[in-house]
Structures are given as structure tokens and as C-alpha cells.
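Colleague: I am new to this one and would love a guided look. Could we go through it together, one question at a time?

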Amino acid sequence: MIHPIVFDAPGEFGQTPRPALVEWMVNESDSVQPDDPLCRYEIDKAVDTFHSPCAGYVRTRLVPEGARFSFGSILCVASDDLHEPLPDSPIAPLPSERDTENFDWSEIDNHDGEPEPLGVMRRAIADRMAMSKRHIPCFYLTAVVDMTRCLELRRELKKNRQRATFNDMSIKASALALRENPRAAMIYSPQGLYARSQLNIGFAAALPDDGLVVPVIKEADTKPLIQIAEETRALAEKAKRGDLTPYDCSGGAFSVSYLGSYEVENFIAIVNPGESAILAMGRVRDRVVAVDGEVKIKPMACLTLSCDHRSIDGALAAKLMGDIKKRLEDPACL
């Protein structure tokens with residue numbers, strides 16, 4: 001009997017971008033049993049393993065490594081007997097090459113030799129960020145926040161052998177601010193605006209070699225700051241090892257990107273498709289500020305909020321930014 005091996009999407013990932021086949025773990029003519037690993041695939045910059053749904057022999061691999069495919073695609077064909085004849089007509093078309101029709105090749109006017117091939121990670125980043133800039137009309141708000149109390153909180157936690165970074169604090173502050181402003185978490189679709197069932201907050205995590213991923217803290221508004229800190233560290237370690245699963249990176253409503261450790265003053269982040277906004281936070285440094293008519297030196301940081309204007313208007317975004325700032329300036333509420 002012939003067995004077309006179909007990639008079935010888990011329900012919660014049905015609306016994610018198309019997966020890419022990273023690596024085949026079997027060769028043609030190999031024998032497989034149910035639940036044997038067949039291949040590794042990437043969805044939204046997280047890598048997972050697809051397992052065989054049946055026993056048999058792998059006869060034909062239809063999707064080459066590095067190619068993207070659709071949910072419901074036939075990845076390969078297996079059979080009960082290694083010598084069983086296969087149908088003459090192809091069971092599934094090979095994936096088409098990456099669409100380059102809209103790329104302006106005249107931009108490549110100064111280069112040295114052949115291009116470095118795009119890996120799965122870089123291609124995923126390119127696709128997602130281009131999708132965002134094409135389809136999400138953004139506007140941007142900037143505010144400066146006094147981080148004095150966040151620094152004090154960090155010192156107090158250190159005395160108790162606990163740890164929370166400014167990134168952790170901004171995740172919790174954003175989640176609480178979204179709980180106060182739930183419409184800012186709604187996601188646009190042509191049919192209408194969808195409310196969120198959970199306030200899940202993603203955070204940008206750089207990888208050792210190249211690229212970045214956005215793991216997601218689930219229900220961040222309900223978790224203590226220390227728990228968020230523990231989860232961000234665990235997810236960051238999984239990212240470094242290449243062990244993040246699609247679940248680890250799914251369900252985000254809002255993201256935070258912190259580049260303060262690179263001494264970046266301020267920057268504008270790109271909204272992740274499927275989310276409503278992203279907060280960019282620069283480094284905390286001493287600045288001269290006026291307080292009640294007096295000149296003082298305070299540790300300040302610059303926040304920039306990028307918002308999808310299809311679902312968020314200026315007044316709502318300003319309220320959201322104000323609530324994030326308020327919680328960072330009084331982190332006892334975190």
C-alpha cells in the first residue's frame with residue numbers, strides 16, 4: 001500500500017506563516033516506524049520535528065531541504081513494500097522557487113562574488129519583516145522613563161539572590177498596561193478586530209551565530225516578575241541551543257525588544273505580523289533632567305512604541321505608553 005505522508009498542522013499553528021523544511025532525518029529506501037523522526041521543520045523561526053504517522057519504507061522525498069511548503073502538503077511517499085510500484089503521475093508538485101519578481105535587482109550594484117546563501121533563519125526573518133512593512137501601517141511614539149526605582153528593585157532582588165532584568169520589567173509592565181487597555185492588544189483582520197484571550201508577551205532574543213527569535217511569555221499579566229525572569233532565562237537558553245518549539249514562539253499579542261546591553265540609546269522596532277505593537281527600549285544611563293524646578297541627574301531610558309494603526313489610534317497608544325511608563329517608574333506594582 002502507498003502512504004502519502006501529509007504535514008498536518010497542529011490547530012493552534014494554523015494561521016502561522018508557511019513552514020520550511022530544515023533537514024531530512026531519513027533517506028529514500030529507509031524503513032520507518034510510527035513516531036520515528038522524519039524531518040525537522042521551521043515555523044516562525046522555531047524548529048521542531050515531524051514524526052512518521054505510519055510504518056513503511058520512505059520511497060520519495062518530495063520537499064527539498066530549505067524549501068517552504070503549505071500545511072496539508074505531502075512531504076514524502078512511503079509504502080509497505082520497498083519494491084511496490086509507485087504511481088506514474090506525481091503525487092504532489094515540488095514547491096516553487098522563492099518569488100523574486102518584486103525584488104529590485106538594480107539595488108545590487110556593488111558586490112563581491114557570489115551571494116552567501118540564505119539559511120532558513122535569515123529567510124524567515126526576511127519574509128516576516130518584509131510582510132510587516134508591506135501590510136502593517138505603523139506609527140510611533142517615544143517617551144523617556146525614569147528608571148531610578150527599577151534600579152533600586154534590581155539591587156533589592158540581588159540581595160535576596162534573585163534576578164530580574166530591565167527586559168523582564170518591561171515585559172511585565174507592558175502586560176499590565178495591556179490589561180488596563182485591552183483594545184490595544186486587539187488584532188486587525190478584514191472581518192474585524194479580534195480580542196485576545198491571553199496577554200502573551202514576546203521578547204526579542206539574539207542567537208549566537210546569526211538571527212533572532214521571539215519567544216513568548218504566556219499570560220504575562222498574571223505572573224510574578226520573578227517567574228517572568230525565570231521563564232525568559234529558560235527560553236533564551238533554549239534559543240541558544242536551537243531547542244525552541246513552535247509553541248514557545250506562538251500566541252504573542254505584543255513584543256518587547258531591549259538593546260540596552262549594546263549601549264543603544266533608542267531605536268524603532270518592527271511589529272511582528274499577528275501582533276498589535278512592539279516596545280523598543282534603549283539603554284539606561286544618567287541624564288540631566290529638571291525635577292520640580294531643580295536640575296538633577298537620574299537614570300533614564302528611552303522607550304519607542306510601534307503600533308499597527310489599523311487597530312490602534314494615537315490616543316489609545318499614548319494611554320498605553322503612559323501606563324507602561326507609570327509601571328516602570330513605580331515597579332512595586334510589578
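Colleague: Which residues form a nonpolar patch on the surface together with Val288?
Modeller: Happy to start there, and keep in mind that this is a predicted model. The patch has about 350 Å² of accessible area in total. The partners of Val288 in the patch are Val295 and Ile297.

Colleague: Is Val288 itself buried or exposed?
Modeller: Val288 sits in strand S17, which covers residues 285–291. The cut-off for exposed is over 50% relative accessible area. Because Val288 has 62% relative accessibility, the residue counts as exposed.

Colleague: What about Asn167, is that residue buried or exposed?
Modeller: You will find Asn167 in helix H3, residues 166–180. Buried means under 20% relative accessible area. Asn167 has a relative accessible area of 11%, so the residue is buried.

Colleague: Which residues is Asn167 in contact with, leaving aside neighbours within four places in sequence?
Modeller: Asn167 belongs to helix H3, and its sequence neighbours within four places are set aside here. What remains is contact with Phe203, Val256 and Tyr258.

Colleague: Let us turn to charges. How many salt bridges does the structure hold?
Modeller: Side chains of opposite charge can pair when their charged atoms come close. Here there are 39 positive and 50 negative side chains in the chain, and the centres of these two sets are 10 Å apart. The number of salt bridges in the structure is 17.

Colleague: Lys223 and Glu231 meet in a salt bridge; which residue of the two counts as buried?
Modeller: Their side chains come to 3.0 Å, N to O. The line between buried and partly exposed is drawn at 20% relative accessible area. Glu231 has 21% relative accessibility, so this residue counts as partly exposed. With 14% relative accessibility, the one that counts as buried is Lys223.

Colleague: Lys240 and Glu237 also meet in a salt bridge. How are they separated along helix H4?
Modeller: The side chains of this pair meet at 3.7 Å, N to O, and Glu237 is partly exposed with a relative accessible area of 39%. Both residues belong to helix H4, residues 225–241. Because they are three residues apart in that helix, the separation is about one helical turn.

Colleague: And what is the N to O distance in the salt bridge of Glu265 and Arg283?
Modeller: Glu265 is partly exposed at 25% relative accessible area, and Arg283 is partly exposed at 24%. The side chains of Glu265 and Arg283 meet at an N to O distance of 2.9 Å.

Colleague: Which other residues are linked with Glu265 and Arg283 in a network of salt bridges?
Modeller: Take the salt bridge between Glu265 and Arg283 as the starting point. This pair links distant parts of the chain, with Glu265 in the loop between strands S15 and S16 and Arg283 in the loop between S16 and S17. The other members of the network are Arg285 and Arg287.

Colleague: Stepping back to the whole chain, what percentage of the residues count as buried?
Modeller: The chain has five helices and 18 strands, and its C-alpha trace spans about 85 × 50 × 45 Å along the principal axes. Its accessible surface comes to about 17,900 Å², with 50% belonging to carbon and sulfur atoms. Of the 334 residues, the share that counts as buried is 43%.

Note on methods. Residues numbered from 1 in each chain as written. Predicted model: local features only at pLDDT ≥ 70, side-chain atom pairs only at ≥ 80, totals over all residues. Heavy atoms only, no water. Patch = residues over 30% accessible without salt bridge, like charges linked within 9 Å, V, L, I, M, F, W, Y side chains within 5 Å. Areas by Shrake-Rupley, 256 points an atom, 1.4 Å probe, with all protein chains shown as cover. Salt bridge = Lys/Arg side-chain N within 4 Å of Asp/Glu carboxyl O. Helix = DSSP H or I, 4+ residues; strand = E, 2+ residues; numbered from the N terminus. Buried < 20%, exposed > 50% of the residue type's maximum accessible area, 1.4 Å probe, protein only. Contact = heavy atoms within 4.5 Å. Lys, Arg positive; Asp, Glu negative; His and termini not counted. Charge placed at Lys NZ, Arg CZ, Asp CG, Glu CD.
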